[in-house]
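Reader: I'd like to learn how to read aromatic contacts in a model. Can you walk me through it?

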Amino acid sequence: MLPASVSIAAELIPRLALLHAMTEHGHLSAAAESVGVPQPTATRWLDALNKSVGVALTERVGRRVELTPAGHALAEAAGAVHRELAMGVARAIEAADPGRGQIVFGFLRTQGSTRAPELLRGYRAVRPRVRFSLVQAGHEELIEKLHAGTIDIALSALRPTDADVEALELFREPFVLVAPVEHRLARRPMVHLRDVRDETFVGLSAGIALRRPVDEMFRAAGIRPRYGFETEEVETVRGLVAAGVGLGVLPQRQGGPVAGSIEIPIAPTRYRTIGLIVSSRRRPTPAAESFRLWAASRPRPVRTG
């Protein structure tokens, strides 16, 4: 059995729609026709609505039934609800249309300067009516938001340890040694980490996702790096290296190194793989799935390094 509040609401909604229609059409017969009920039914609805509210919402003026000031006040409120509901229905229809929906797109901060904008620009060229909301965050936070449903799809690192995700590889970024332009190894075509075992490093803070593969590279080389500075931002690492306070190990920067620094390939070559991720716990929206299928159909860029 339905709760009393649900039953009352079910009765009030069509009657309030009729009341609102009277403000648009001016008289009862046209209002009744607009909401799809015969006039006798409309008259009964208004009588019942008067009783429910406890004040006179309508009055007879000659042969016409018109709204009282109280009726106009309630009809105005009903109209606001009607408009909000109509907008909600429109958004629901739009969300089901892959060419018109909205995508909440998350991406790593390191992908915000070029990679993410390139993807968005390419997709908007084929789906100009799709709207995007953008979220920048670290990898773990992006995964959490995907599972929570607060973002639809993310551009991030692909890691085999991430559970309940579906990933589409887009490109790979080779790790490089970031050094000041005047460093003794700046002219080398390639370096080994053992070549810089005694140097001071600038690195990302422990707990940052990108720190883990760098730590693995040092362990594989049998090196315990000496960090003079640790920070949470990749671009801060690059800036400190350019200032000459240490060396860094980072993925190759698209667009080239920052001024005052150089990036030297590391042997053996290690990559960070970047791609699109969705949660396998949730069904993707039509717009998000269309975006993923479009990205999957694009030619892959040539891998460098």
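Author: Let's go through the rings, then the charges that sit over rings, and then one residue in a helix. Keep in mind that this is a predicted model.

Reader: How is a pair of aromatic rings described?

Author: You use two things: the distance of the centres and the angle of the planes. Searching the whole structure here turns up 10 aromatic pairs. One of them is Phe291 with Trp294, with 5.9 Å centre to centre and 20° between the planes. Planes under 30 degrees apart count as stacked, so Phe291 and Trp294 make a stacked pair.

Reader: Where do Phe291 and Trp294 lie, and are they buried or exposed?

Author: Both sit in helix H9, which covers residues 286–297. They're 3 residues apart, about one turn of the helix. Phe291 and Trp294 are both buried, too.

Reader: Which residues do ring pairs link into a cluster?

Author: Phe291 and Trp294 belong to it, along with Phe105, Phe107, Tyr123 and Phe132.

Reader: And which rings have a charged end sitting over them?

Author: Take Phe171: the charged end of Arg115 sits over its ring, 3.7 Å from the centre. Then there's Tyr271, where the charged end of Arg172 is over the ring at 5.6 Å from the centre.

Reader: Let's leave rings. Why is Asp215 called partly exposed?

Author: Because its relative accessible area is 22%, and buried would mean under 20%, while exposed would mean over 50%. You'll find Asp215 in helix H7, residues 211–220. Its C-alpha atom is 9.9 Å from that of Gly203, and the two residues are 12 apart along the chain.

Conventions:
Residues are numbered from 1 along each chain as its sequence is written. This is a predicted model: local features need pLDDT of at least 70, side-chain atom pairs count only at pLDDT 80 or more; totals for chains, interfaces and linings use all residues. Side-chain values use heavy atoms; hydrogens and water are left out. Rings of Phe, Tyr and Trp (its six-membered ring) pair if their centres lie within 6.5 Å; planes under 30 degrees apart count as stacked, over 60 as edge-to-face and the rest as tilted. Helices (H or I, at least four residues) and strands (E, at least two) are DSSP runs, numbered from the N terminus. Buried means under 20% relative accessible area, exposed over 50%, partly exposed in between (1.4 Å probe, protein chains only). A charge sits over a ring if NZ of Lys or CZ of Arg is within 6 Å of the ring centre and within 35 degrees of the ring normal.
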